[in-house]
Amino acid sequence: MDQVQLMLRAIALSTEAMQHGGGPFGAVVAKDGRIVAEGHNRVTSTKDPTAHAEVVAIREACSVLGSYSLHGCEIYCSCEPCPMCLAAIYWARLDRIYYANTRDDAARVGFDDAFLYHELGREGAERTIPMVRLLGKEAIAAFQAWEEKPDKIAY
């Protein structure tokens, strides 16, 4: 499949998502022009706020390929990824992101991520949901054990 066909599939998934009770978002993970995995928004149908199309597609692709790394793959998104999905794409090590609708297009129909971008630039204690550090000295032991673990799988 070429890039246009892959994007058309992501867009079709965004329409299908609405028929299954989800928001209008679809995503396809592809490798060498072949679809590895698909995802559509399942937030409301699964009662899972992380079930965005991109995250669903990434989870499925990792399962299919048997790896946490999607290096060598690309993702086709019906809309510019939100901050959570963008982070997931980076953690999954996808090679490239293609998107159709912009975040401004999404905002016009009620999916406005601008507040998240704003929140990310603020200090933890200044955020709408404040971040408070607790028991840092006790928690550091796990990181020290990880650092010393000879058979760890670095990711």
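A residue counts as buried when its relative accessible area is under 20%. In this predicted model, buried residues make up 32% of the 155 residues in the protein chain. The secondary structure comes to seven helices and four strands, and the C-alpha trace spans about 50 × 40 × 25 Å along its principal axes.

**Overall architecture**

- Read from the start of the sequence, the helices and strands follow the pattern α-β-β-α-α-β-α-β-α-α-α.
- Among contacts in the protein chain with a separation of 6 or more, 46% are between residues 24 or more positions apart.

**Packing of H3 and H4**

- Helix H3 covers residues 53-65 and helix H4 covers residues 83-92; the two pack at an angle of about 20°, and their axes are 9 Å apart.
- Angles under 35 degrees count as roughly parallel, and H3 and H4 are therefore roughly parallel to each other.
- The crossing of these two helices, H3 and H4, is left-handed.
- On the H3 side the contact is made by Glu-54, Val-55 and Ile-58, which meet Met-84, Cys-85, Ala-88, Ile-89 and Ala-92 of H4.
- Sorted by type, the residues of the contact of H3 with H4 are seven nonpolar, no polar and one charged.

**Ala-61, a buried residue of H3**

- Ala-61 is another residue to note in helix H3.
- With a relative accessibility of 0%, Ala-61 counts as buried.
- Beyond residues up to four places away in sequence, Ala-61 touches Val-29, Val-36, Ala-37 and Leu-70.
- Ala-61 and Ala-100 are 39 residues apart along the chain, and their C-alpha atoms are separated by 21 Å.

**Salt bridges**

- The count of salt bridges comes to seven, with a side-chain nitrogen of Lys or Arg within 4 Å of a carboxyl oxygen of Asp or Glu as the criterion.
- One of them joins the side chains of Arg-59 and Asp-48, at 3.8 Å from N to O.
- This pair links distant parts of the chain, 11 residues apart: Arg-59 is in helix H3, while Asp-48 is in the loop between helix H2 (43-46) and H3.
- Arg-59 is partly exposed, at a relative accessible area of 46%, and Asp-48 is also partly exposed, at 22% relative accessibility.
- Another salt bridge is formed by Glu-80 and Arg-103, whose closest N and O atoms are 3.4 Å apart.
- Here too the pair links distant parts of the chain, 23 residues apart, with Glu-80 in the loop between strand E3 (74-79) and H4, and Arg-103 in helix H5 (residues 103-108).
- Arg-103 has a relative accessibility of 36% and counts as partly exposed.
- Arg-108 and Asp-105 also meet through their side chains in a salt bridge, at 2.4 Å from N to O.
- Both Arg-108 and Asp-105 lie in helix H5, three residues apart, which is about one turn of the helix.
- Arg-108 counts as exposed, at 63% relative accessibility, whereas Asp-105 is partly exposed, with a relative accessible area of 26%.
- Arg-9, Glu-16 and Glu-38 are joined into one network by salt bridges that share partners.

**Glu-16, a member of that network**

- Glu-16 is located in helix H1, which covers residues 3-19.
- The relative accessible area of Glu-16 is 27%, and the residue is partly exposed.
- Glu-16 and Asn-41 are 25 residues apart in sequence, with their C-alpha atoms 9.3 Å apart in space.

**Glu-119, a buried charged residue**

- Glu-119 is part of helix H6, which covers residues 114-120.
- Glu-119 has a relative accessible area of 12% and is buried.
- Apart from neighbours within four places in sequence, Glu-119 is in contact with Arg-127, Thr-128 and Ile-129.

Methods. Residues numbered from 1 in each chain as written. Predicted model: local features only at pLDDT ≥ 70, side-chain atom pairs only at ≥ 80, totals over all residues. Heavy atoms only, no water. Axes fitted to C-alpha atoms, helices over the stretch in contact; angles between N-to-C directions. Parallel < 35°, antiparallel > 145°, perpendicular 65-115°, else oblique. Left-handed = near helix turned anticlockwise from the far one by under 90°. Contact = heavy atoms within 4.5 Å. Nonpolar A, V, L, I, M, F, W, Y, C, P; charged D, E, K, R; others polar. Buried < 20%, exposed > 50% of the residue type's maximum accessible area, 1.4 Å probe, protein only.
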